Amino acid sequence: MPEFLHLIPPSEALATFMAHLPPQPRIPSEKIASSEALNCVLAAPIAAPHPLPPFPRSTVDGYALRASDSFGASPSQPVYLRLVGEILMGTRADLEIQPGQAAIIHTGGMLPKGADAVVMLEDTQIVSETEIEVLKALGVGQHVLTTGEDVKAGEIVLEEGTRLRPQDIGGLIALGITEVPVVHAPSVGILATGDEIVAPEEQPRLGQVRDVNSYTLSALVRLAGGIPVRR
């Protein structure tokens, strides 16, 4: 049977197969809740409606200050700063940091006006209720996330055709995107050929085998996000 010995590369076989398929219409789409969109495929790109973070934030627990006030600070030569308040979590930072001042800030807290860095608690010593020692010099922007550092307003965060992962769902929620357009799951017809094949619930006679491939392929189609249709 020499005809079975003529082989072509898989890529060429796929190209030949695809070339003989009729043009397919665009798969219909629908909008669903972002929280329910895991493993769905986006039907359109998603742009950020606002920057992330939407305001400058601290990445550590410590003190918001002007980086220039910490220049030269070390454990042997600390810099002394006056405490002027505390930035409470979930609130707007209404105070302004002047030269020689600092304010208590928590991880994720809004950086107050005038401050451009945050010194970690581990790099400070409390002198009194109104004064601290800074034991380490800081650079501008140290321990700070600036507005839009993660995502800029209008930036495409997820491309069309993206299969949504758990982290993608979290990113959508962070941007306040509660609905997304996704394509309908495609249906895939599966044809099992062979006179020897019988349904799995049947008792095969001698010379017959149960249909394994249809069910294996059906599982693979579901795993890929499709709807198997066994024929």
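I will talk about one sheet and two pockets in this structure, which is a predicted model.

Let me begin with the sheet, which is open and built from 6 strands in the order β7-β4-β6-β5-β9-β8, with mixed pairing. At its edges are β7, covering residues 117–120, and β8, covering 124–128, and each of these pairs on one side only. From one strand to the next, the twist averages 40 degrees. If you look at the β7 side, you will find strand β4, residues 62–65, pairing with β7 in the antiparallel sense over 4 bridges, and there Tyr 63 stands opposite Val 119 of β7.

Now to the pockets. The largest pocket has a volume of about 320 Å³, and its lining is made up of Phe 17, Gln 24, Pro 25 and Ile 27, together with Pro 186, Ser 187 and Val 188. What is the character of that lining by class? There are 5 nonpolar and 2 polar residues, and no charged residues, in the lining of this largest pocket.

The second largest pocket has a volume of about 240 Å³, and of the 17 residues that line it, the closest to its centre are Asn 39, Cys 40, Val 41, Ala 185 and Gly 225. Which elements supply at least two residues each to the lining of this second pocket? They are β1, residues 29–33, β12, residues 179–183, and α3, residues 213–223. By class, the lining of the second largest pocket divides into 10 nonpolar, 4 polar and 3 charged residues, whereas the lining of the largest pocket has no charged residues.

Conventions. Residues numbered from 1 in each chain as written. Predicted model: local features only at pLDDT ≥ 70, side-chain atom pairs only at ≥ 80, totals over all residues. Heavy atoms only, no water. Pairing = 2+ DSSP bridges. Axes fitted to C-alpha atoms, helices over the stretch in contact; angles between N-to-C directions. 1 Å grid on protein atoms, 1.4 Å probe; cavity = no way out; pocket = protein on both sides within 12 Å on 5 of 7 lines; lining within 4 Å. Points joined across faces, edges and corners; volume = space filled by probe spheres on them. Nonpolar A, V, L, I, M, F, W, Y, C, P; charged D, E, K, R; others polar.
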